[in-house]
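Work through the following exercises with the coordinates open, and attempt each task before reading its solution.

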Amino acid sequence: MKTEVESFTLDHTKVKAPYVRLITREQGPKGDVISNFDLRLCQPNETAVPTAGLHTIEHLLAGLLRDRMAGVIDCSPFGCRTGFHLITWGEQTTTEVAKALKSSLEAIANDIEWEDVPGTDKYSCGNYRDHSLFSAKEWCKQILSEGISDDPFERHVV
């Protein structure tokens with residue numbers, strides 16, 4: 001029997017990016033709750049963030065999201081390069097996450113300088129040559145211009 005992965009059952013033709021979507025909440029054996037969110041930055045199968053820009057956004061979101069919301073465990077890019085998984089402790093709402101994401105993308109687009117990007121040398125990154133702050137900034141501006149929805153199927157921009 002094969003385990004079904006929720007993300008592969010999502011009809012990617014029905015979603016309207018950019019958005020935040022709750023994928024799942026799971027409760028551990030001691031009662032701890034983790035939430036897994038889909039932070040979709042661009043429309044699946046229509047466009048994808050180039051690797052260097054996505055890599056830089058990843059490094060920046062690791063800290064920026066932690067500064068803006070409690071309980072962040074990890075933020076990791078999708079292999080398809082259309083967004084990120086955000087894993088958190090607790091039960092944040094999609095609106096809370098969308099607001100934190102929006103604020104983080106605004107910081108990348110408007111405030112971040114190269115010196116602010118963590119993990120950009122051979123000691124702290126496994127592929128340190130593959131970064132582009134220019135690409136990250138341009139993609140963040142594009143995503144913000146479209147607005148981030150807290151609903152994947154109906155545009156409800158925060």
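**Exercise 1.** In this predicted model, classify arginine 81 as buried, partly exposed or exposed from its relative accessible area, and then examine its phi.

*Solution.* The relative accessible area of arginine 81 is 31%, and because partly exposed covers the range between under 20% (buried) and over 50% (exposed), arginine 81 is partly exposed. Its position is in the loop between S3 and S4. Phi of arginine 81 is near 65°, a positive value although the residue is not glycine. Most residues other than glycine have a negative phi.

**Exercise 2.** Repeat the analysis for asparagine 45, stating where it lies.

*Solution.* Asparagine 45 belongs to the loop between S2 and H1, and its phi, near 65°, is positive in a residue other than glycine. With a relative accessible area of 72%, asparagine 45 is exposed.

**Exercise 3.** Determine whether the peptide bond from alanine 17 to proline 18 is cis or trans.

*Solution.* Omega for this bond is near 0°, and the bond is cis. Proline 18 itself is found in the segment before strand S1 (19-27).

**Exercise 4.** Identify the residues that touch the most other members of the largest nonpolar core, and then list the contacts of leucine 61.

*Solution.* The core has 33 residues, and those touching the most other members are Leu39, Ile57, Leu61, Leu86, Leu105 and Ile108. Two or more core residues come from each of S2 (33-40), H1 (51-68), S3 (72-77), S4 (83-89), H2 (94-110) and H3 (133-146), with H2 giving the largest share, eight residues. Leaving aside residues up to four places away in sequence, leucine 61 touches Arg66, Cys75, Phe84, Leu101, Ser104, Leu105 and Ile108.

Methods:
Residues numbered from 1 in each chain as written. Predicted model: local features only at pLDDT ≥ 70, side-chain atom pairs only at ≥ 80, totals over all residues. Heavy atoms only, no water. Core = buried A, V, L, I, M, F, W, Y, C linked by side-chain atoms within 4.5 Å. Buried < 20%, exposed > 50% of the residue type's maximum accessible area, 1.4 Å probe, protein only. Helix = DSSP H or I, 4+ residues; strand = E, 2+ residues; numbered from the N terminus. Contact = heavy atoms within 4.5 Å.
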